[in-house]
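Welcome! Let us take a friendly walk through this structure, beginning with its pocket and moving on to its salt bridges.

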Amino acid sequence: MSYQKGLGVIDTVIVVLIVSVFIGVFIPRYYRIARESQEIALRAGLNNIRMSLDLYKLHNGEYPSDLRELITKKYTASYKEGTIFKEEYLNAHSLDEDGYPIDPFDNRFKYDPNTGKVSSQTTGYEGW
């Protein structure tokens, strides 16, 4: 008769320790990388909105009254023979329930229609 041996108490403790070390090392790194990717997305989103605002002002002579106009209004690029394309000023990826673009932290962008300045409302990123 042969007996199969299972894991002993020492083996189980060693496995639990190894898994705990991996969790202790990789979980904080995961959150740091996730935060950095949100920051990169915020920079890109702010740059896109700012360029869209400049394009809007170039075509219309003034900044829009709110950021939703960048999404709803279209501009046309044309030449003598016809239209090349008709496109929105901004293709927003994330919108809140009222149709305003939101940042990667799920907050609306702060916008001043008089100056055309846009920034994040997320704590710690207001000056970006």
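## Pocket and salt bridges

Helix H1 (residues 9–60) supplies the largest share of the lining of the largest pocket, four residues; helices are DSSP runs (H or I, at least four residues) and strands are runs of E (at least two), numbered from the N terminus. This is a predicted model, where local features need pLDDT of at least 70, side-chain atom pairs count only at pLDDT 80 or more, and totals for chains, interfaces and linings use all residues. Residues are numbered from 1 along each chain as its sequence is written, and side-chain values use heavy atoms, with hydrogens and water left out.

Five salt bridges turn up in a search of the whole structure, each being a side-chain nitrogen of Lys or Arg within 4 Å of a carboxyl oxygen of Asp or Glu. Three of them are listed here.

| Pair | Closest N and O atoms |
|---|---|
| Arg-68 and Asp-66 | 3.2 Å |
| Lys-74 and Glu-88 | 2.9 Å |
| Asp-96 and Arg-108 | 2.4 Å |

Lys-74 sits in strand E1 (residues 74–79) and Glu-88 in strand E2 (residues 82–88), so this pair ties together parts 14 residues apart in sequence.

Which residues join Asp-96 in a network of salt bridges? Asp-98 and Arg-108 are linked with Asp-96 in that network. Asp-96 counts as buried at 16% relative accessibility, where buried means under 20% relative accessible area, exposed over 50% and partly exposed in between (1.4 Å probe, protein chains only). Arg-108 is partly exposed, at 31%.
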